[in-house]
Amino acid sequence: MKISFRKITSQPKQYVFDTRGLRLECEIFRKFNNLFVLKGNLSGSIILECFRSGEEFEKTIAQELVLYISDGMWDIQSQSKLDSFDVIEFFDGFIDIETIVSDEIELIKSDYYTKE
């Protein structure tokens, strides 16, 4: 799912996106001229690998997300306006929700988990 930056206003708009066993329910709104905020919840189940045994197991995920997204390059000098230091930059005029969720999945998988 791609969302055009031009269609996003300062009024939050709701989106739901399902992929790979996870659901992202979020709202997106414009914070500054070329900066947007995605607030939402990522939930569902994901297959992880136990770092001790190497066995795969299913884990339920319920994670709150607050992401800053820039239309084009984010000026680091403007960083003081934000609570976070991470800004996702897109350069084609669209927010790619599938890319954001895929990156979050890979971030979750990169942590250490133990099968219980």
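# A first look at this chain

Tyr113 sits in the segment that follows helix H1. That's a handy place to start a tour of this structure, which is a predicted model. Along the sequence the pattern reads β-β-β-β-β-β-β-α, so to speak a run of strands with a helix after them. In total the chain has one helix and seven strands.

**Tyr113, the starting point**

- Is Tyr113 buried or exposed? With a relative accessible area of 15%, Tyr113 is buried, because anything under 20% goes into that class.
- Leaving aside residues up to four places away in sequence, Tyr113 touches Leu48, Glu49, Cys50, Phe51, Phe57, Lys59 and Ile108.
- Arg6 is 107 residues away from Tyr113 along the chain, and 40 Å separate the C-alpha atoms of the two.

**The chain as a whole**

- The C-alpha atoms fill a box of roughly 50 × 30 × 20 Å, with the box taken along the principal axes.
- Of the 116 residues in the chain, 38% are buried.
- Take the contacts between residues at least 6 apart in sequence: 48% of them join residues at least 24 apart.
- The accessible surface adds up to about 7500 Å², and carbon and sulfur atoms account for 46% of that.
- On the charge side, there are 14 positive and 21 negative side chains. The centres of these two sets lie 6 Å apart.

**The sheet**

- Five strands make up an open sheet, in the order S2-S3-S4-S5-S6, and their pairing is mixed.
- At the edges you'll find strand S2 (13–19) and strand S6 (87–90), each of which pairs on one side only.
- Neighbouring strands in this sheet are turned by 30° against each other on average, if you ignore direction.
- As for what holds such an arrangement together, strands of a sheet pair through backbone hydrogen bonds, and they do so either parallel or antiparallel.

**Walking across the strand pairs**

- S2 goes with strand S3 (residues 22–30) in the antiparallel sense, over seven bridges. Across this pair, Phe17 stands opposite Leu24 in S3.
- In the loop between S2 and S3 you'll meet Arg20. The phi of Arg20 is near 50°, which is a positive value in a residue other than glycine. Arg20 is partly exposed, at a relative accessible area of 46%.
- S3 and S4 are antiparallel too, with nine bridges between them. Here Phe29 has Val37 in S4 as its bridge partner, and a hairpin of four residues joins S3 to S4.
- How many bridges link S4 and S5? This antiparallel pair has 15 bridges, and within the pair Leu42 stands opposite Gln63 in S5.
- The hairpin of S4 and S5 has six residues between the strands, and in it Gly54 takes a positive phi near 80°.

**A buried serine in S5**

- Ser70 belongs to strand S5.
- Ser70 counts as buried because its relative accessibility is 0%, and the cut-off for that class is under 20%.
- Not counting residues up to four places away in sequence, Ser70 touches Phe5, Asn34, Leu35, Val87, Ile88, Glu89 and Phe90.

**The helix**

- Which strands does helix H1 lie across? Helix H1 (residues 97–109) lies across S2, S3, strand S4 (35–49), strand S5 (56–71) and S6. H1 runs at about 50° to S4.
- Glu106 has its place in helix H1. Why does Glu106 count as partly exposed? Its relative accessibility is 43%, so Glu106 falls between the 20% limit for buried and the 50% limit for exposed.
- Glu106 and Asn33 are 73 residues apart in sequence, and their C-alpha atoms are 30 Å apart in space.

Technical notes:
Residues are numbered from 1 along each chain as its sequence is written. This is a predicted model: local features need pLDDT of at least 70, side-chain atom pairs count only at pLDDT 80 or more; totals for chains, interfaces and linings use all residues. Side-chain values use heavy atoms; hydrogens and water are left out. Helices (H or I, at least four residues) and strands (E, at least two) are DSSP runs, numbered from the N terminus. Buried means under 20% relative accessible area, exposed over 50%, partly exposed in between (1.4 Å probe, protein chains only). Contact means heavy atoms within 4.5 Å. Accessible areas come from the Shrake-Rupley method with a 1.4 Å probe; for residues, only the protein chains shown count as cover. Lys and Arg count as positive and Asp and Glu as negative; His and the chain ends are not counted. The place of a charge is taken as NZ of Lys, CZ of Arg, CG of Asp or CD of Glu. Two strands pair if DSSP finds at least two bridges between them. Axes are lines fitted to C-alpha atoms, for helices over the stretch in contact, and angles run from 0 to 180 degrees between N-to-C directions.
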